[in-house]
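Reader: I've got a model open in my viewer and I keep tripping over the labels. Could you walk me through what earns each one?

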Amino acid sequence: MEMEKSGKFSDYLFAKMGPPTSTELPPKTTERSDAPVELTGYRRWLSDNLMLLVTLSGVLLGVVLGLSLRPLNLHGDSIMLISYPGELFMRVLKLMILPLVISSLIAGSASLNAKMNGKIALRTLVYFASTSFFNAALGIALVLLIHPGNPDLHNADDRSTDRRAVNLLDSLLDLGRNVFPDNLFQASIQQAHTVYLPKPSILHAFNETMNDTLVTGVEAQRLSEDMAEEVVLVRDIQYRSGTNTLGIVFFCLVFGTFLGTIGQKGQVVVDFFAAIFEVIMKMVTCVMWLTPVGISSVIAGKILSVGDLGLVMSQLMWFIVTVALGVFIYQFVVMQAIYFVVVRRNPFKFYAGLIQAMLTAFATASTAAALPITFRCMNEKLKVDPRITRFVLPIGCNINMDGTALYIAVASIFIAQMSGMVLGFGELLTVLLTSTAASMSSASVPSAALVLLLVVLTAIDAPVQDVTLLFAVDWFVDRIRTTNNMLGDCYTAAIVEELSRKELMALDAASVNYQDMPAGTPNGHGHGHHEGGLLEGQTELEESSKCVMTMTDSVVVDMSAVMNNVNLQQEHCNRRV
């Protein structure tokens with residue numbers, strides 16, 4: 001009996017210690033060849049920043065290659081072949097956007113309760129609107145101070161006679177139609193937008209007149225001109241190619257929120273979308289090794305496709321400087337100051353962790369295309385809570401357009417200055433409000449701001465025909481302002497995480513209390529994820545969602561004990577900071 005008890009105790013002891021990793025004898029301490037070698041000095045820096053160096057080398061290689069091949073005046077087919085690898089690179093990145101947005105939003109919102117989702121969404125939207133408003137005001141101040149608009153640039157030959165009917169009301173109504181799509185599958189490939197078409201009865205009457213009456217060519221031309229003056233344009237809702245990401249984001253947000261309220265019955269769905277997110281992120285890691293070829297091809301092809309690069313740059317240099325100065329002030333002064341005041345950490349260290357994603361956004365000129373790399377930087381390098389990043393980044397990718405607000409404000413007043421218009425306070429206020437509203441309805445695709453610029457120009461009655469002058473430099477300015485949009489999303493996630501820290505910690509503490517776990521059991525969130533206690537990626541989402549999914553908003557816990565625990569943990573974090 002004693003031997004039996006001893007055997008059972010030894011079995012229990014070995015079970016607690018865990019299974020042996022190998023049947024072989026452990027090597028001597030001095031011969032631990034299988035232990036990982038700790039890198040030091042420049043080798044560790046190279047290991048940590050290898051992907052950043054790869055991306056930067058792609059950008060520099062593209063600029064050098066493009067400028068070197070310009071004197072050769074390559075044929076269009078040659079330029080197309082040079083751009084082809086970059087085209088494939090962007091197609092692969094865009095391929096992952098839709099599954100990434102869907103999986104991240106559903107898994108992220110399901111891991112929080114409905115009340116928490118509402119608080120995070122409110123803070124996020126208020127911050128987005130505030131920063132877009134500030135960027136529009138900054139752009140107006142800079143363009144009035146620098147005055148880049150020169151009437152000599154006004155070229156009548158470049159003016160188009162097509163005056164498009166665009167107004168802010170249509171843009172806002174289209175925004176609502178896209179937020180609430182009537183067909184989710186159609187939203188994956190098409191967007192709703194308003195177009196103006198001639199009234200069918202007038203065209204029908206004109207055709208009947210031409211068919212029933214024998215008229216000469218001169219009379220027909222005069223009749224058509226008279227008819228054109230009397231043509232009444234009517235609104236028509238049509239669909240154009242392009243993913244309606246805004247509608248998909250809204251649906252996934254609502255779907256994930258309600259999924260989190262049905263308990264264990266929905267856990268298999270949450271795990272499914274969490275697994276999709278992890279698979280997409282692994283695919284992103286593989287795609288990133290194609291960055292030098294892809295990004296250099298994109299930039300070189302764009303430089304080679306521009307007509308007279310020197311003439312364009314010299315004519316619109318002050319416009320480019322004005323936009324770039326606004327982006328510089330916002331990125332290196334305003335954004336860093338807000339981060340330091342709210343988060344109380346070194347903002348430039350956070351900025352340095354986003355350089356790889358910023359270079360990708362610069363090369364692709366699309367916040368959406370850079371979204372997979374942005375997720376990778378935020379979750380793996382900067383250790384921002386994935387419950388926040390999976391919630392904020394997909395929304396910001398479609399709504400937060402800080403750089404676009406600044407660009408629209410600068411471009412609209414620039415065109416007014418070229419036309420010799422003097423804008424009063426009322427017109428400037430109109431530019432401020434319409435730039436903010438139009439930027440939040442912008443699509444996260446290259447050169448979408450040119451369409452929104454027509455909205456602002458129509459609001460202040462400026463000549464919309466002069467927008468064609470900006471086509472020559474939009475390929476470059478678009479890349480500058482896209483970095484503002486992408487960084488704005490990331491800083492918003494960090495700030496919202498800090499503002500929501502007590503709620504997140506209370507949620508974790510309530511989960512621990514609900515599961516009746518021992519007080520010393522590590523939860524992964526208790527002492528702040530910046531200390532390295534968090535499990536990354538899938539593990540963290542599973543741990544948080546498995547606890548939260550068993551609760552609803554009506555779960556009763558000892559909230560006094562929870563909040564005391566939270567306050568103690570907050571004080572501990574503050575002492576460390």
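**Labels and what backs them**

Author: Sure, let's start with helix α11: its buried residues are Thr-245, Leu-246, Gly-247, Ile-248, Val-249, Cys-252, Leu-253, Gly-256, Thr-257 and Leu-259. Keep in mind that this is a predicted model.

Reader: How do you know that the length of α11 agrees with what a helix should span?

Author: Helix α11 covers residues 245-259, which is 15 residues, and at 1.5 Å a residue that should span 21 Å. Its end C-alpha atoms sit 20 Å apart, so the two values agree.

Reader: What reaches the backbone nitrogen of Gly-247 at the start of α11?

Author: That's a side-chain oxygen of Asn-244, which comes to within 3.2 Å of that nitrogen. The cut-off for a polar contact is 3.5 Å.

Reader: Why is Thr-243 called partly exposed?

Author: Its relative accessible area is 32%. Buried would need under 20% and exposed over 50%, so a value in between gets the middle label. Thr-243 is in the loop between β2 (233-241) and α11. It touches Leu-98, Ala-187, Ser-188, Ile-189, Gln-191 and Ile-248, leaving aside residues up to four places away in sequence. With Gln-191, the C-alpha atoms are 6.4 Å apart, although 52 residues separate the two along the chain.

Reader: What makes Thr-194 buried?

Author: Thr-194 has 14% relative accessibility, and the limit is under 20%, so it counts as buried. You'll find Thr-194 in strand β1 (residues 190-198).

Reader: Which side chains does Thr-194 make polar contacts with?

Author: One is Asp-174, at 2.7 Å. Another is Arg-177, at 3.4 Å. Both values fit within the 3.5 Å cut-off. The residues that Thr-194 touches, again leaving out those up to four places away, include Asp-170, Arg-235, Asp-236 and Ile-237.

Reader: And how do you know whether Thr-55 is buried or exposed?

Author: Its relative accessible area is 0%. That is under 20%, so Thr-55 is buried. Thr-55 belongs to helix α3 (residues 50-69). Beyond residues up to four places away, it touches Met-288, Thr-291, Ile-295, Gln-356, Leu-359 and Thr-360.

Reader: On to charges. How many salt bridges does a search of the whole structure find?

Author: Nine. Side chains of opposite charge can pair when their charged atoms come close. Take Glu-278 and Arg-390, whose side chains meet at 3.4 Å, N to O. This pair links distant parts of the chain, with Glu-278 in helix α12 (residues 267-287) and Arg-390 in helix α19 (residues 386-399), 112 residues apart. Glu-278 and Arg-390 are both buried.

Reader: What makes Arg-345 and Glu-498 a salt bridge?

Author: Their closest N and O atoms are 4.0 Å apart, and the cut-off is within 4 Å. Arg-345 is in the loop between α15 (317-343) and α16 (347-352), while Glu-498 is in helix α23 (residues 471-499), 153 residues apart. At 26% relative accessibility, Arg-345 falls between the limits of 20% and 50%, so it counts as partly exposed.

Reader: How do you know that Arg-376 and Glu-380 are separated by about one helical turn?

Author: They're four residues apart in helix α18 (residues 371-381), which means about one turn between them. Their side chains meet in a salt bridge at 3.9 Å, N to O. Arg-376, at 14%, counts as buried, whereas Glu-380, at 37%, counts as partly exposed.

Reader: Which residues are linked in a network of salt bridges?

Author: Lys-119, Arg-123 and Glu-503.

Reader: What makes up the nonpolar patch on the surface?

Author: Leu-325, Phe-328, Phe-332, Val-333 and Phe-348, with about 450 Å² of accessible area together. Helix α15 gives the most to the patch, four residues. Phe-328 lies in α15. At 47%, Phe-328 is partly exposed, and a patch residue needs over 30%, so Phe-328 clears that bar.

Reader: And the chain as a whole?

Author: It has 26 helices and two strands. Of its 577 residues, 47% count as buried. The chain exposes about 29000 Å², with carbon and sulfur atoms supplying 63% of it.

Definitions and conventions. Residues numbered from 1 in each chain as written. Predicted model: local features only at pLDDT ≥ 70, side-chain atom pairs only at ≥ 80, totals over all residues. Heavy atoms only, no water. Buried < 20%, exposed > 50% of the residue type's maximum accessible area, 1.4 Å probe, protein only. Contact = heavy atoms within 4.5 Å. Patch = residues over 30% accessible without salt bridge, like charges linked within 9 Å, V, L, I, M, F, W, Y side chains within 5 Å. Areas by Shrake-Rupley, 256 points an atom, 1.4 Å probe, with all protein chains shown as cover. Expected span 1.5 Å × (residues − 1). Polar contact = N/O pair within 3.5 Å; in protein donor to acceptor, adjacent residues only side chain to side chain.
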